[in-house]
Amino acid sequence: VQLQASGGGLVQAGGSLRLSCAASVRTSDSNAMGWFRQAPGKEREFVSGIDWTGITSFGDSVKGRFTISRDSAKNTIYLQMNTLKPEDTAVYYCAAEKYGGSRLAAVDYWGQGTQVTVSS
C-alpha cells in the first residue's frame with residue numbers, strides 16, 4: 001500500500017487547510033486510515049483516524065477544529081483543519097493499518113509527510 005499525502009502549506013493563525021491522502025489500493029482494504037504529526041523536537045502524535053465503518057477519532061488538541069472524511073470511490077481520505085494555531089505547525093503523515101480501529105494504534109503503512117506551517 002502506498003500513501004500519497006498532499007495539501008500542506010503556510011497559513012495564518014485562524015485559517016484553514018485541507019490535507020488529502022490517496023491510497024494505492026481501496027481504502028476498504030485498510031481497516032483504518034488517518035493522520036499523525038510531528039513537530040521539531042517532539043514525538044510523533046496521533047491527530048485523527050477513520051475506520052471502514054466511518055467511525056472517527058481525534059487527538060485532544062484538535063477536537064472541535066479538525067474533521068476527517070473518506071471518499072472510498074477515490075481511495076482518498078481528507079483532513080479538514082480549521083481555526084489553525086501556531087502549535088499545529090508540524091509535518092503531517094498519512095497512515096493506514098489493516099486490522100485496527102480509528103485510533104491507529106498499530107500502523108502498517110506510512111505516507112511521506114507534508115509540511116503545515118501556521119504563522120502567528
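**Exercise 1. Lay out the four-stranded sheet: give its strand order, edges and twist.**

Step 1. The model is predicted; local features need pLDDT of at least 70, side-chain atom pairs count only at pLDDT 80 or more, and totals for chains, interfaces and linings use all residues. Residues are numbered from 1 along each chain as its sequence is written, and side-chain values use heavy atoms, with hydrogens and water left out.

Step 2. Fix the terms. Strands are DSSP runs of E, at least two residues, numbered from the N terminus; helices are runs of H or I, at least four residues. Two strands pair if DSSP finds at least two bridges between them.

Step 3. Read the order. The open sheet runs β1-β3-β8-β7, with antiparallel pairing. Its edge strands are β1 (3–6) and β7 (66–71), each pairing on one side only.

Step 4. Get the twist. Neighbouring strands of this sheet are turned by 15° against each other on average, direction ignored. Axes are lines fitted to C-alpha atoms, and angles run from 0 to 180 degrees between N-to-C directions.

Step 5. Check one pair. Six bridges link β7 to β8 (residues 76–81) in the antiparallel sense. In this pairing, R70 stands opposite I77 in β8.

**Exercise 2. Do the same for the six-stranded sheet.**

Step 1. This open sheet has the order β2-β10-β9-β4-β5-β6, and its pairing is mixed. The edge strands β2 (9–12) and β6 (56–58) each pair on one side only. From one strand to the next, the twist averages 20°.

Step 2. Take β9 (residues 90–97) and β10 (residues 109–119). These strands run antiparallel and are joined by six bridges. A96 has Y109 in β10 as its bridge partner.

**Exercise 3. Describe the protein chain as a whole: what are its element counts, dimensions and burial?**

Step 1. Count elements. The protein chain has 10 strands and zero helices.

Step 2. Test the globule rule, 2.2 Å times the number of residues to the power 0.38, with the radius of gyration taken over C-alpha atoms. For 120 residues, a compact globule would have a radius near 14 Å; the protein chain has 13 Å, which agrees.

Step 3. Box the C-alpha atoms. Along the principal axes, the box is roughly 40 × 25 × 25 Å.

Step 4. Add burial. Of the 120 residues, 45% are buried, meaning under 20% relative accessible area with a 1.4 Å probe, protein chains only.

Step 5. Finish with contacts (heavy atoms within 4.5 Å). Among contacts between residues at least 6 apart in sequence, 57% join residues at least 24 apart.

Conventions: Buried means under 20% relative accessible area, exposed over 50%, partly exposed in between (1.4 Å probe, protein chains only).
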